[in-house]
Amino acid sequence: MRDASAACAHRSPRTCYDYRMATLFDPFTLRGVTFRNRIALSPMCQYASEDGFANDWHLAHLGARAAGGCGLILTEATGVEARGRITPNCLGIWKDEHIEGLRRVTEFVKARGAKIGMQLAHAGVKASRHRPWDPVKGRHPTSNGYVPPDDGGWMPVGPSAIRFGQDGPVPEELSVAAVRAMPQVFAAAATRCVAAGFDLVELHFAHGYLGHSFLSPLMNKRTDAYGGPFDHRVSFLLETVKAVREAIPESMPLFVRMSCSDWVDDGWTIDDSVEAAKLVKRLGVDLIDCSSGGASRTAKIATGPGYQVPFAARIRKDADIATGAVGAISEPAQANGYIADGSCDLVFLGREMLRNPHWAYRAWSELKSDTKSPIATEYGWAV
Ligand SMILES: Cc1cc2nc3c(=O)[nH]c(=O)nc-3n(C[C@H](O)[C@H](O)[C@H](O)COP(=O)(O)O)c2cc1C
């Protein structure tokens, strides 16, 4: 354990809660939202939607993790426009008709004591893919086969006309006018998030999807104001942040999920991420959700328990902004350690939450030798 004052020495008074160690079960406040603990459900595609609508599956999936004790629930990558979905079965928020079904989910989640955020996304060149279990391809949709327009798919778009992977068409390069217009598409979706009762919004700028593909020199080969040097490649991010920040209330936190490294020489780096984090912080972003990869199929990713946590720690320290850590975090003591040693402010769990929606209660009983259970599941957690 580090000395408590040392853990906060690099933090400004605004972002340093106090000079004691935070733990996984301490509340955490950003703007007008207080999370009951530091445990977040990481965004995970469910491929369960028709025409972008939320349904009983989303209520059950997100609701179960809220009832299981998470402090924060994040939706899957949700398309800000129909062609921004990864698969034809991904969730969407591109029209007002989507709001009602989403409100049902937010009301249930909030009644269980959790906060809920929507991950706003555009899949860019990785759009229009099959679901993982469709008979035509591999395990993950971004490596899956392309769904052509005559089978319910569409033409993907991106910063450059560079195909990702072996199959599918060469994507359409967005015109400068189309790029300039896209932040307002995100802003309109964010306005619908407010109407649907979400507590916060996360912008998906990771994993090789549209936002990240503008940041990464591997995917962005433009020669105009949106490509080339770092300052140009971050323009789309900054314009999107500005537009969304203006569309949501002052009291509503705004997160950005970033791929903090492309894990490839000449790709986007952790140093770039620190600089980008400083810029978006000035524009009103409250937390960087630190993921990585997705821009290249040849990336050599050094996976292992907590392998992306050093990104969260570095950005938290050098950009002086709250961070979320994600990736191969599954043990309560491990998660608690990352909060206690100042690596991050929230811990995001993905696959472990698929295995056990009540992970937060498991963590409570392991770390506290106590039980703190939601109403109807109490007997499962009695010690
Ligand atoms: C089934 C599945 C779907 C995912 N969908 C998304 C997504 O919609 N948005 C996103 O940012 N990350 C997505 N991810 C990545 C997770 O949010 C998480 O970052 C990753 O799984 C690493 O965390 P873990 O080791 O706890 O699973 C997905 C992961 C899985 C397993």
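In what order do the eight strands close into a barrel? In this predicted model, the order is E3-E4-E5-E8-E9-E10-E11-E12, with parallel pairing. Going from one strand to its neighbour in this sheet, the average turn is 25°, direction ignored. As a bit of background, strands in a sheet pair through backbone hydrogen bonds, in either a parallel or an antiparallel sense.

Let's walk through part of that barrel. Here are three of the pairings:

| Strand pair | Bridges | Sense | One bridge pair |
|---|---|---|---|
| E4 and E5 | six | parallel | Thr-78 and Leu-120 |
| E5 and E8 | four | parallel | Gln-119 and Glu-202 |
| E8 and E9 | five | parallel | Val-201 and Leu-254 |

E8 turns up twice there, so what surrounds it? This strand covers residues 200-205, and six of its six residues are buried, so E8 is largely enclosed by the rest of the structure. Neither face is left open: Leu-200, Glu-202 and His-204 are buried on one side, and Val-201, Leu-203 and Phe-205 are buried on the other. Two of these residues also appear in the table: Glu-202 is the bridge partner of Gln-119, while Val-201 has Leu-254 of E9 as its bridge partner.

Helix H4 (residues 176-196) lies across E5 and E8, and its direction is at about 160° to that of E5. E5 itself takes in residues 115-121, and E9 spans residues 254-259.

Now to the ligand. A shell of 20 residues surrounds it, and the closest are Ser-42, Met-44, Ala-77, Gly-350 and Arg-351. Which elements give two or more residues to that shell? They are strand E4 (72-79) and helix H11 (351-355). E4 is thus a link between two parts of the picture: it contributes to the ligand shell and takes its place in the barrel between E3 and E5. Sorted by class, the shell holds nine nonpolar, seven polar and four charged residues.

One last stop is Arg-362, which sits in helix H12 (residues 359-368). Is Arg-362 buried or partly exposed? It has 17 C-beta neighbours inside 10 Å, and since a residue needs 20 or more to be buried and 12 or fewer to be exposed, Arg-362 counts as partly exposed. Setting aside neighbours within four places in sequence, Arg-362 is in contact with Pro-332 and Asn-356. Gly-69 is 293 residues away from Arg-362 in sequence, yet the two are 9.4 Å apart in space, C-alpha to C-alpha.

Technical notes. Residues numbered from 1 in each chain as written. Predicted model: local features only at pLDDT ≥ 70, side-chain atom pairs only at ≥ 80, totals over all residues. Near = placed C-beta within 6 Å. Nonpolar A, V, L, I, M, F, W, Y, C, P; charged D, E, K, R; others polar. Pairing = 2+ DSSP bridges. Axes fitted to C-alpha atoms, helices over the stretch in contact; angles between N-to-C directions. Contact = placed C-beta atoms within 7 Å.
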